[in-house]
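Here are a few notes to read alongside the coordinates. I hope they help you find your way around.

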Amino acid sequence: GKVVEISGARVNGPATMTILTGSGPSEMNSIEAPVKIAPVVQRLACKGKKMRLDLPPYSLIIVRVKAK
């Protein structure tokens with residue numbers, strides 16, 4: 001995984017990561033498979049200003065954190 005450091009603030013509590021991913025850039029939903037690509041939400045442990053992320057290929061990732 002990659003280590004991400006947040007500058008300018010301290011993380012306050014756990015973070016959430018929403019991942020939208022597929023097996024390749026041309027993969028898409030269809031009438032036969034309407035949720036083949038769907039968002040998945042995961043909780044992340046944070047320590048101070050750092051968190052470790054596993055970033056899958058062909059993905060869009062949104063990380064939400066509470067900061068002080």
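How many bridges join strand 1 to strand 5? The points below start there.

1. Four bridges join strand 1 to strand 5 (residues 50-53), and the two run antiparallel. Strands here are DSSP E runs of at least two residues, numbered from the N terminus. One bridge partner in strand 5 is Lys 50, which sits opposite Glu 5.

2. This is a predicted model: local features need pLDDT of at least 70, side-chain atom pairs count only at pLDDT 80 or more, and totals for chains, interfaces and linings use all residues. Residues are numbered from 1 along each chain as its sequence is written, and side-chain values use heavy atoms, with hydrogens and water left out.

3. Strands 1, 5 and 4 form an open sheet in the order 1-5-4, with antiparallel pairing (pairing takes at least two DSSP bridges). Strand 1 (2-5) and strand 4 (46-47) are the edge strands, each pairing on one side only.

4. The largest nonpolar core has eight residues, among them Ile 19, Leu 44 and Met 51. Core members are buried Ala, Val, Leu, Ile, Met, Phe, Trp, Tyr or Cys residues joined through side-chain atoms within 4.5 Å; buried means under 20% relative accessible area, exposed over 50%, partly exposed in between (1.4 Å probe, protein chains only). Strand 2 (15-21) and strand 5 each supply at least two residues of this core, and strand 2 gives the most, with three.

5. Beyond its neighbours within four places in sequence, Ile 19 is in contact (heavy atoms within 4.5 Å) with residues including Ala 38, Val 40, Pro 56 and Leu 60.

6. Ile 62 lies in strand 6 (residues 59-64) and is partly exposed, with a relative accessible area of 39%.
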